[in-house]
Amino acid sequence: MADLIKNPVDGIKPEIEDRTSTKTEERETEMAPPAAGSSIHRSGSRPQLDLSGAAIQGNFEERDPTILLPNQSDDISHLALDIGGSLIKLVYFSRHENKSAEDKRKRSMKQRFGISNGNRRSYPILGGRLHFVKFETAKINECLDFIKSKQLHCGGMVARCWPTDALSNENVVVKATGGGAYKFTDLFKDRLGVSLDKEDEMDCLVAGANFLLKAIRHEAFTHMEGQKEFVQIDQNDLFPYLLVNIGSGVSMIKVDGDGKFERVSGTNVGGGTYWGLGKLLTQCKSFDELLELSQRGDNRTIDMLVGDIYGGMDYSKIGLSASTIASSFGKTISENKELEDYRPEDISLSLLRMISYNIGQIAYLNALRFGLKRIFFGGFFIRGHAYTMDTISFAVQFWSKGDAKAMFLRHEGFLGALGAFMSYEKHGLDDVMVHQLVERFPMGAPYVGGKIHGPPLGDLNEKISWMEKFVQKGTEIIAPVPMIPPGTTGLGGFEVPLSRGDTLRSDASSLNVGVLHLVPTLDVFPLLADSKMYEPNTIDLSDHGELEYWLTVLSEHLPDLVDKAVASEGGTDDAKRRGDAFSRAFSAHLARLMEEPAAYGKLGLANLLELREECLREFQFNDAYRSIKQRENEASLAVLPDLLMELDSMSEEDKLFTLIEGVLAANIFDWGSRACVDLYHKGTIIEIYRMSRKKMQRPWRVDDFDMFKERMLGLSGKKPPPHKRALLFVDNSGADVVLGMLPLARELLRRGTEVVLVANSLPALNDVTAMELPDIVAEAAKNCDILRRAAEAGGLLVDAMINVQESSKEELPSVPLMVVENGCGSPCIDLRQVSSEVAAAAKDADLVILEGMGRAIHTNFNAKFKCDALKLAMVKNQRLAEKLLKGNIYDCVCRFEPAS
Amino acid sequence: MIQAAAFHFVLLTSEGKGTLIKLVYFSRKDSSLESVGNGVQVEEVGLVTSSKKYPILDGKLHFAKFQTSKINECLDFIESKLLHGSCCSHQEISDKKQLLIKATGGGAYKYADLFREKFGIRLDKEDEMDSLVAGANFLLKLRICAVPREAFTYMEGQKDFVQIDASDLFPYLLVSIGSGVSMIKVDGDGKFELVSGTSLGGGTLLGMGMLLTNCQSFDEFLELSHKGDNRNIDMLVRDIYGVTGYSKLGLSATTIASSFGKVSFDNKELKDYKKEDLARSLLRMISNNVAQIAYMNAGHGQLKRIIFGGFFTRGHEYIMETISDGVQYWSKGKAKAMFLRHEGFLGALGAFKSYEKHGLGSLMGHHLTEQSPVASPR
């Protein structure tokens, strides 16, 4: 349930879950303060703040949401299964339903941006979340219980009349694939009253793979010598490819397009062979145990190597090194040694290498035969196991002489289930675009790495007590995802990785699969010069030193953050408990990343910072800095009139300079920066601002001010036309926005440029949110006509306290000042995934101003735009200043890039 | 009297215990094999017919193999042969301290010191791959008494000799199944390339077979496999998709979906399975895999012939049959596996051929006849 809070645009509690919610969940709802609302829609009582997703949501409101389910009477479920011999994989979708009413201001905003229900493309899908869960087939009852408890088997409509009687489920059909779809048909009928509709296995595999490869960024990765590298695949250049599915046996499928594929080959030497022979030769009780054994094995005692044959020498003439395996198990031909004389570890490793190598070789030969560029390996045999992937990769590399590369999929186990899910007609997922999916890694995600666990943790309370249980046990938490919920089988299944540093450990190499949030309202920022080449992150965290540094920064900042968070919730015992749990959970995420940097896919600093915000929200700290923000806003608003007066007395040139300098100086107020947090303890906000301002010495570290000035004021008195519309991506609350960005916005307005303030949808640190901005603007407008008229024109003061409409009649109409939410809740911004409103607002914009370290330095520092772009920030981190700018902490960046 | 000889050392295990020494030697026509030491297997005796036009002498080409553990027997054998004659044909040196014998295979390096120090024989090392190919080319071009007697196919217990037109021989794929498997594309005499291979070979078959069944020899293993039923071990397509198979994908119900796959779902231990079944399943797994990789490397039919050789196929009918089945399956009946009667001696024969000017290179098939061994130990 905590996921709810995450979704910036669609964070409405889904109706389905409302009806089925348990007491705990209701409690949870109460705990979430409405004002701090996890979503902007929820703040319907404050319509002036409710800007989000209007266009899209409007569609849903006006159409029957059940349009998603054209066959309502058939009760199509949002659940699909892949029942394999050893594992059951579940994919299910939980929807969000929009209950918010559209207010007047939103409608006007929509019209202004040219968004109307008619001319915008309609969204065939509702927002929601795609969950991935695994169960052991042997424990199918756990799976049935899980489905029952979540009412997943009740298709859309039925769920609303929960508790359902058996009759209403009579014609419910659940898509299923895998061998067990046949075997367990009766069981599903008896226990859940649903019919399993069997889908062709291969169809499902291919549909699942196609969806993942097209819809998820960095789904595929290569794995060589323990190193994962995520690969960005152009969806227009995906086909044809070879899909190698390693189950008990191996199928090799040539995929030419959606639904277009052919099984071209396969081999009977597959996962079943490894497990079968392994069982016979090592007495292992489980597949995972066998894999585990291989970690400690040495295959040289079992395999005959080229060196064994050629007296330790390479057979270089034909390119065989001494360590190449000449004959798997070749060394076990011995008269006086028996099975017991060999180490099971060695046998397991030798078997693993034999089979992986063989599969890699046959796959390559097939790729060669059909001229396929890419080979994707999936199936239960791989399980994110590093050694297996390495061996397969090596084989492909070896036989192709480096021409071909083996690739793997993060969601590899779920191809079949996802494909079965896709087989529901009109689920709308076909049209999902990459930018509409956001992956989250909540504590409650049921699946971690290659391990299979019980049902996911449902509510907040479970999560907290799970965390506390660990503390009692004195166990170090190294994985962020609970293995087993308390009260079931205890913690027996929890294993601590054995050693650090060994890159070939299976458990650490396994990848987490998060919950896929489908946010149909997200869009690509249209002003990006080249959205395909765009990479938001400036810092590459695949550099281990860099990752380690930032993980340390985050972890050092954690105690202070927890204090703020607990205080923001009134410092109650409950808040303390949650704060504690949050701290542990987030530390666990950090520890996990330290162990396995690729655990969550390709991670940039932006993702890392967002993970923290997500984690806070998960433990229902919806706005840890609420009171700080309020205090700073008030203090800053109090001095704003003086500042504006001072500015108005200056010459054009001085004013522009002072404004930019002011933005940079005010950017010092950043609770995300450790250095700045220290400053806060030393003086008042105004003192710091003054000090900061005094310190500013031109030239700044990056100083394009003169270029910007020329664009604004022109050279030698020739005045260039003002920009038509400027998008200002704002950063922190308090002085930053009030004394920095607002005066700049005011100046732009004064010069006839429309201004759109773009702020976060959800709180992140002390960043100002789109919800808070209208109040701040309204307050500032009390003492400033320019702001007031613009805010009025922009519809920001619809029901604000000041009413000056009558006197304004004689005034000239002002260009509007508007506020839109950016669609995210992170201190950084990935411009590939912004709200549709920002995208719409951008259409007429010819100036983008990015402010603050998160949005202008950590991300987007290198971003190129189609229009003029100004990036303003103060660098409040010594290392970043050194690395990126060869400068020092508190250096300033004023980067102006004319339209490209 | 040995006129010339060549060794092929084939290692079966790294400890050398299972190494085979294959010997090819040539003797003058008049020097019949008076005696063969106990335990020495002289496999075949080829007779080189006399022809005054050729510089070579009439004589016989002998094929023998020894276990390395009985290396002394081998040496005794050679020595006895040498004592009957006076020299090794082209060396013209009677001092056996300087006796030079062509040798190939991994063991040629390993045993070089032993042969020199203990027996005074210098091993002149020939490249193994060169030797294999030379031996195969030699045999394939050979016609004995105008009747094809060398290359054959093996299907359903039926051996069919194949006549290969020497002018239409190349290119072909030579698959040598020793401990591991080498796949060599042969384009002509001395023109070849190692294109592929697999570590799942004879060593895997025997090594794993020994672990699984406790058998002591390859023959015993094959004997077991012959009586087994792999359906108790392997997961067939019908075990997953029922008796109708998965026809959409062209998989028949009896196709093996996963070797040893059934074991992975059983709650049984090694001792609960019949050794015969395990052996059969293993044999099918390896044979099928070799056949598949070979067929793919032959370019899915682009190379005309796939010839399987090497110690592990030699004379073992059940292996030949499963390999043939495999090639049949993967080629959808379009290709057939071929075998060579002298396949175990390709290396030794090739090494032997590397003696310069022995004249064998120009031998034509019709110059050879074949005789049964005079003294066969078996």
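This section describes a predicted model, starting with chain B and its contact with chain A and then turning to salt bridges and backbone details.

Chain B is a good place to begin. Its fold comprises 11 helices and 16 strands, and of its 378 residues 60% are buried. Among contacts in chain B with a separation of 6 or more, 67% join residues that are 24 or more positions apart. The accessible surface of chain B amounts to about 15,300 Å², and carbon and sulfur atoms account for 47% of that surface.

Helix 4 of chain B, which covers residues 128–141, rewards a closer look. With 14 residues at 1.5 Å a residue, helix 4 should span 20 Å, and its end C-alpha atoms are indeed 20 Å apart, so expectation and model agree. Helix 4 is mostly covered, with 11 of its 14 residues buried. Among these buried residues are B:Met129, B:Leu132, B:Val133, B:Phe138, B:Leu139 and B:Leu140, but the list also includes B:Glu128, B:Ser131 and B:Asn137. B:Gly135 and B:Ala136 are buried as well. At the start of this helix, a side-chain oxygen of B:Asp127 comes to within 3.0 Å of the backbone nitrogen of B:Met129.

Helix 4 also takes part in the interface between the two chains. On the chain B side, 62 residues are in contact with 55 residues of chain A. Together the two chains bury about 5,000 Å², with 61% of this area on carbon and sulfur atoms. The residues of chain B that lose the most area to chain A are B:Ser199, B:Leu211 and B:Met296, which together make up 12% of what that side buries. Several elements of chain B each supply at least two residues to the side that touches chain A: helix 2 (107–110), helix 4, strand 11 (191–198), helix 5 (202–213), strand 13 (256–258), helix 8 (261–265) and helix 9 (275–297). What kinds of polar pairing occur between chain B and chain A? The count of salt bridges between them is 0, whereas 17 residue pairs, both at pLDDT 80 or more, are in polar contact.

Over all chains, the count of salt bridges comes to 47. One of them joins the side chains of A:Lys254 and A:Asp256, at 3.4 Å from N to O. In this pair A:Lys254 is buried, with a relative accessible area of 16%, while A:Asp256 is partly exposed at 32%.

Another salt bridge is formed by A:Asp844 and A:Arg725, with their closest N and O atoms 3.9 Å apart. This pair links distant parts of the chain, 119 residues apart: A:Asp844 sits in the loop between helix 29 (836–842) and strand 23 (847–851) of chain A, and A:Arg725 in strand 19 (residues 725–729). A:Asp844 is partly exposed at 37% relative accessibility, whereas A:Arg725 is buried at 2%.

The salt bridge between A:Lys864 and A:Glu897 has its closest N and O atoms 3.5 Å apart. Here, too, distant parts of the chain are linked, 33 residues apart, with A:Lys864 in the loop between helix 30 (853–858) and strand 24 (868–874) of chain A and A:Glu897 in strand 25 (residues 892–897). A:Lys864 counts as partly exposed, with 44% relative accessibility, and A:Glu897 as buried, with 15%. Elsewhere, A:Glu652, A:Lys655, A:Lys719, A:Glu747, A:Arg750 and A:Arg751 are linked in a network of salt bridges.

Some backbone details complete the picture. In chain A, the peptide bond from A:Phe239 to A:Pro240 is cis, with omega near -10 degrees, and A:Pro240 belongs to the loop between strand 7 (227–231) and strand 8 (241–246). In chain B, the bond from B:Phe170 to B:Pro171 is cis, also with omega near -10 degrees; B:Pro171 is found in the loop between strand 8 (158–161) and strand 9 (172–177).

Positive phi values appear at two asparagines, A:Asn860 and B:Asn214. For A:Asn860, phi is near 70 degrees. This residue lies in the loop between helix 30 and strand 24 of chain A and is buried, with a relative accessible area of 0%. For B:Asn214, phi is about 65 degrees. B:Asn214 occupies the loop between helix 5 and helix 6 (218–227) of chain B and is partly exposed, at 42% relative accessibility.

Note on methods: Residues numbered from 1 in each chain as written. Chains lettered and ligands numbered in written order. Heavy atoms only, no water. Helix = DSSP H or I, 4+ residues; strand = E, 2+ residues; numbered from the N terminus. Expected span 1.5 Å × (residues − 1). Buried < 20%, exposed > 50% of the residue type's maximum accessible area, 1.4 Å probe, protein only. Polar contact = N/O pair within 3.5 Å; in protein donor to acceptor, adjacent residues only side chain to side chain. Contact = heavy atoms within 4.5 Å. Areas by Shrake-Rupley, 256 points an atom, 1.4 Å probe, with all protein chains shown as cover. Buried area = accessible area lost by both parts, 1.4 Å probe. Salt bridge = Lys/Arg side-chain N within 4 Å of Asp/Glu carboxyl O.
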